[in-house]
Amino acid sequence: MSNFKNLEEFVRIPYTPASAVTAGDVIAQGSLVGYATEDIAAGELGSLVIMGRAEGPKASGSAIAAGADVYWDDEDEVITETQTDIYLGKTTLLAASAAVLAKVFVYPTPAAGEVS
């Protein structure tokens with residue numbers, strides 16, 4: 001799976017998965033993305049971090065500048081700059097094209113057309 005690493009956590013939401021979740025897994029619920037910092041058994045209440053600093057896998061082949069808007073590709077399980085993926089947050093450091101990880105400030109934002 002995704003293997004997100006928690007660097008500093010701020011906000012969690014409750015989450016009960018239908019199937020087991022492993023620490024580091026990224027979970028997309030509509031336009032809300034969170035990641036697990038602990039294993040969560042199927043049907044058991046756990047939580048997802050939806051705001052905080054994290055490190056996760058990025059799409060290969062291109063650099064992502066510090067401060068760039070980034071998105072979660074739920075199919076390929078990587079951080080991208082593709083606006084049609086699910087909004088994830090902003091990068092906190094440059095992720096060079098050869099890098100396999102990106103450091104991100106994860107935070108939710110209203111989807112286009114939604115009112116916050």
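Which residues touch the most other members of the largest nonpolar core?

## The main core

In this predicted model, the largest nonpolar core has 17 residues, and Phe4, Tyr35, Ile79, Leu88, Val104 and Val106 are the ones that touch the most other members. Several strands feed into this core: E3 (32–35), E4 (46–57), E5 (69–73), E7 (86–91) and E8 each supply at least two residues. E8 gives the largest share, with three residues.

Tyr35 is a good place to start looking around. Leaving aside residues up to four places away in sequence, Tyr35 touches Phe4, Asn6, Asp25, Val26, Leu48, Val49, Arg53, Ala54 and Val106.

## A second core

There is also a separate core of eight residues, and Val21, Ala36, Leu48 and Ile50 are among them. Leu48 is also one of the residues that Tyr35 touches.

## The aromatic rings

Now for the rings: the whole structure holds four aromatic pairs. In one of them, Phe10 and Phe105 have ring centres 6.0 Å apart and planes at 65°, so this pair is edge-to-face. Phe10 sits in strand E1 (residues 5–15) and Phe105 in strand E8 (residues 101–106), so their pairing ties together parts that are 95 residues apart in sequence.

Phe105 also pairs with Tyr107, this time in a tilted arrangement, at 5.6 Å centre to centre and 40° between the planes. Phe10, Phe105 and Tyr107 belong to one aromatic cluster that also includes Tyr71 and Tyr87.

How accessible are these rings' residues? Phe10 is partly exposed at 46% relative accessibility, Phe105 is partly exposed at 27%, and Tyr107 is partly exposed at 21%.

Key
Residues numbered from 1 in each chain as written. Predicted model: local features only at pLDDT ≥ 70, side-chain atom pairs only at ≥ 80, totals over all residues. Heavy atoms only, no water. Phe/Tyr/Trp six-rings, centres within 6.5 Å; stacked < 30°, edge-to-face > 60°. Helix = DSSP H or I, 4+ residues; strand = E, 2+ residues; numbered from the N terminus. Buried < 20%, exposed > 50% of the residue type's maximum accessible area, 1.4 Å probe, protein only. Core = buried A, V, L, I, M, F, W, Y, C linked by side-chain atoms within 4.5 Å. Contact = heavy atoms within 4.5 Å.
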